[in-house]
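Trainee: I'd like to learn how to read a structure like this one, feature by feature. Can you walk me through it?

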Amino acid sequence: MAEVQQILCPICHKPNPPRAKFCMHCQSDVLLNNDGPLLFKITNVIKEGGQGAVYQAVAADRNGQPHGDPVYAVKEMLDRFTDPKEERDAIERFEEEAQLLQRLSHPRIPRIYASFKDEERQYLV
């Protein structure tokens, strides 16, 4: 696996050095899943749409050692809701999707590595 040359801030999407913990542009935390066993770092924006974004990411354990597959897909639910009820319903559907996908096992269904909330944002890896 080639060494990561830069990581992107999950908030402003600007590039940062691969060992950064905070964005040098907006000072946001660039590590995803701070409460979990694996940390994820965004390396590329694959697609961003109305309700979600998909990123390319790498994972490391708590000691900073690379973990598992060299590349992961990270889906973020974009919170652009103005109605609190719509927001709650969307978060509930996102979490239900994560739970459903974690129970399924099929060669044509992506494996789910993690589902978490980080900085008030919902993610699925």
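Mentor: Sure, let's start with a single residue and its neighbours. Leaving out residues up to four places away in sequence, Val71 touches Gln56 and Ala57. Keep in mind that this is a predicted model.

Trainee: Where does Val71 lie in the chain?

Mentor: Val71 is in the loop between strand E4 (52-61) and strand E5 (72-77). Its relative accessible area is 46%, and that makes Val71 partly exposed. For a sense of distance, take Asn44: Val71 and Asn44 are 27 residues apart in sequence and 10 Å apart in space, C-alpha to C-alpha.

Trainee: Okay, zooming out. What pattern does the protein chain follow along the sequence?

Mentor: The order is β-β-β-β-β-α-β-β. In total the protein chain has one helix and seven strands. The radius of gyration is 15 Å, close to the 14 Å that the globule rule gives for 125 residues, so the protein chain is as compact as a globular protein of that length. The C-alpha trace spans about 40 × 35 × 25 Å along its principal axes.

Trainee: How much of the protein chain counts as buried?

Mentor: Of its 125 residues, 34% do. On the outside, the protein chain exposes about 8,100 Å², with carbon and sulfur atoms supplying 49% of that.

Trainee: And what about contacts between residues far apart in sequence?

Mentor: Take the contacts between residues at least 6 apart in sequence: 35% of them join residues at least 24 apart.

Trainee: Where do the charges sit on average? How far apart are the mean positions of the positive and negative ones?

Mentor: There are 16 positive and 19 negative charges in the protein chain, and their mean positions are 4 Å apart.

Trainee: Now cysteines. How many disulfides are there?

Mentor: The general idea is that a disulfide is a covalent bond between the sulfur atoms of two cysteines. Here the cut-off is that the sulfur atoms must be within 2.5 Å. The count comes to zero disulfides.

Trainee: Why does Cys12 have no bond to Cys23?

Mentor: Cys23 holds the cysteine sulfur closest to that of Cys12, but the gap is 3.6 Å, too far for a bond. Seen from the other side, the sulfur closest to that of Cys23 is in Cys12, at that 3.6 Å. Their surroundings are worth a look too: Cys12 is partly exposed, at 27% relative accessibility, whereas Cys23 is buried, at 2%.

Trainee: Next, backbone angles. What should I look for?

Mentor: Most residues other than glycine have a negative phi. In this model, His13 has a positive phi of about 60 degrees although it is not a glycine. His13 is in the loop between strand E1 (7-8) and E2, and it is partly exposed, with a relative accessible area of 24%.

Trainee: What is the phi of Glu119?

Mentor: Glu119 has a positive phi of about 55 degrees, and it is not a glycine either. Its place is in the loop between strand E6 (115-118) and E7. Glu119 counts as exposed, at 51% relative accessibility.

Trainee: Let's move into strand E7. Is Gln122 buried or exposed?

Mentor: Gln122, which is found in strand E7, is buried, with a relative accessible area of 6%. Not counting residues up to four places away in sequence, Gln122 touches several residues, including Lys75, Met77, Ile91 and Phe94.

Trainee: And Arg121, which residues is it in contact with?

Mentor: With neighbours within four places in sequence left aside, Arg121 is in contact with Pro10, Ile11, Glu76 and Phe116. Arg121 lies in strand E7 (residues 121-124) and is partly exposed, with a relative accessible area of 25%. As a separation to try on screen, Arg121 and Pro66 are 55 residues apart in sequence and 24 Å apart in space, C-alpha to C-alpha.

Trainee: One last residue: where is Pro18 found?

Mentor: Look in the loop between strand E2 (15-16) and strand E3 (38-48). Pro18 is partly exposed, with a relative accessible area of 27%. Beyond residues up to four places away in sequence, Pro18 touches Val4, Gln5, Gln6, Ile7 and Lys41. Pro18 and Gln99 are 81 residues apart in sequence and 31 Å apart in space, C-alpha to C-alpha.

Conventions
Residues are numbered from 1 along each chain as its sequence is written. This is a predicted model: local features need pLDDT of at least 70, side-chain atom pairs count only at pLDDT 80 or more; totals for chains, interfaces and linings use all residues. Side-chain values use heavy atoms; hydrogens and water are left out. Helices (H or I, at least four residues) and strands (E, at least two) are DSSP runs, numbered from the N terminus. The radius of gyration is taken over C-alpha atoms; the globule rule is 2.2 Å times the number of residues to the power 0.38. Buried means under 20% relative accessible area, exposed over 50%, partly exposed in between (1.4 Å probe, protein chains only). Contact means heavy atoms within 4.5 Å. Accessible areas come from the Shrake-Rupley method with a 1.4 Å probe; for residues, only the protein chains shown count as cover. Lys and Arg count as positive and Asp and Glu as negative; His and the chain ends are not counted. The place of a charge is taken as NZ of Lys, CZ of Arg, CG of Asp or CD of Glu.
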